[in-house]
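Visitor: I am new to this structure and would like a close look at one part of it. Could you take me through the salt bridges and what lies around them?

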Amino acid sequence: MNVASHFRVFFTTCLAVFMVISCENPTNRTEIGRDNQPGTEQNAQINLKEIELIYRYKCSICHGKNGVSVIKGAPDLVTTEYTMEERVAIIMNGKGTMPPQKDVLDMPTIRGLAVYIDSLK
Ligand code: HEC
């Protein structure tokens with residue numbers, strides 16, 4: 001074999017290896033799929049339907065189902081002027097009589113709630 005055909009063999013082998021590697025099915029994908037349901041820690045995407053249920057369960061007792069306060073002292077969320085980060089901080093740490101959530105809900109959920117508030121407006 002001459003140098004050119006050595007190179008051809010080497011090149012073809014590399015191509016074959018590359019094709020095998022790129023066809024391999026990666027197991028750590030973060031797309032939503034059968035093995036990565038919304039709500040798992042791995043999934044940073046916000047599922048607003050799921051957040052809505054958490055809001056109804058944990059927040060609507062004071063802030064109302066539609067963000068219009070149902071108890072004295074709790075502000076309407078429909079008219080909140082807090083920024084996203086300020087909301088996240090309030091939800092995490094609580095404020096006044098509002099209970100903190102940082103030991104109860106995970107961060108994607110807390111952020112999800114801060115975003116969900118916009119959909120009430
Ligand atoms: C026990 C009643 C209660 C519950 C439950 C509650 N909150 Fe509150 N929330 C309050 C009160 C009271 C304030 C006002 C605190 C203050 O300003 O002193 C408040 C303030 C807020 C604010 C700031 C709004 C503004 O414009 O002043 C946000 C955002 C908020 N709550 C989100 C939530 C979310 C999300 C949940 C559910 C995880 C929740 N709250 C659960 C009582 C509650």
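Guide: Gladly! One cut-off will help us on the way: a residue is called buried when its relative accessible area is under 20%, exposed when that value is over 50%, and partly exposed in between. Please keep in mind that this is a predicted model.

Let us begin with lysine 49. Its relative accessibility is 59%, and because exposed means over 50%, lysine 49 counts as exposed. The side chain of lysine 49 meets that of glutamate 52 in a salt bridge, with 3.1 Å from N to O. Both residues belong to helix H2, where they are three residues apart, about one turn of the helix.

Now look at the other partner. Glutamate 52 has a relative accessible area of 17%, so with the limit for buried at under 20%, glutamate 52 is buried. Glutamate 52 also meets the side chain of arginine 56 in a salt bridge, this time at 2.7 Å from N to O. Arginine 56 and glutamate 52 are four residues apart in helix H2, again about one turn of the helix. As for arginine 56, its relative accessibility of 36% makes it partly exposed.

Next, follow the chain to another pair. Aspartate 118 forms a salt bridge with arginine 87, and their closest N and O atoms are 3.2 Å apart. This pair links distant parts of the chain, since aspartate 118 sits in helix H5 and arginine 87 in helix H4, 31 residues apart. Aspartate 118 is partly exposed at 33% relative accessibility, whereas arginine 87 is buried at 6%. Back in helix H2, shared partners join the salt bridges of Lys49, Glu52 and Arg56 into one network. The full count for the model comes to five salt bridges.

The helices we have just visited also meet in another setting. The largest nonpolar core has 13 residues, and those with the most contacts inside it include Tyr55, Ile91, Ile110 and Leu120. Helices H2 (48-58), H4 (84-93) and H5 (107-120) are the elements that give two or more residues to this core. Of these, H5 gives the most, with six residues.

To finish, pause at isoleucine 110. Leaving aside neighbours within four places in sequence, isoleucine 110 is in contact with Val88, Ile91, Met92, Gln101, Lys102 and Leu105.

Terms used
Residues are numbered from 1 along each chain as its sequence is written. This is a predicted model: local features need pLDDT of at least 70, side-chain atom pairs count only at pLDDT 80 or more; totals for chains, interfaces and linings use all residues. Side-chain values use heavy atoms; hydrogens and water are left out. A nonpolar core is a set of buried Ala, Val, Leu, Ile, Met, Phe, Trp, Tyr and Cys residues joined through side-chain atoms within 4.5 Å. Buried means under 20% relative accessible area, exposed over 50%, partly exposed in between (1.4 Å probe, protein chains only). Contact means heavy atoms within 4.5 Å. A salt bridge is a side-chain nitrogen of Lys or Arg within 4 Å of a carboxyl oxygen of Asp or Glu.
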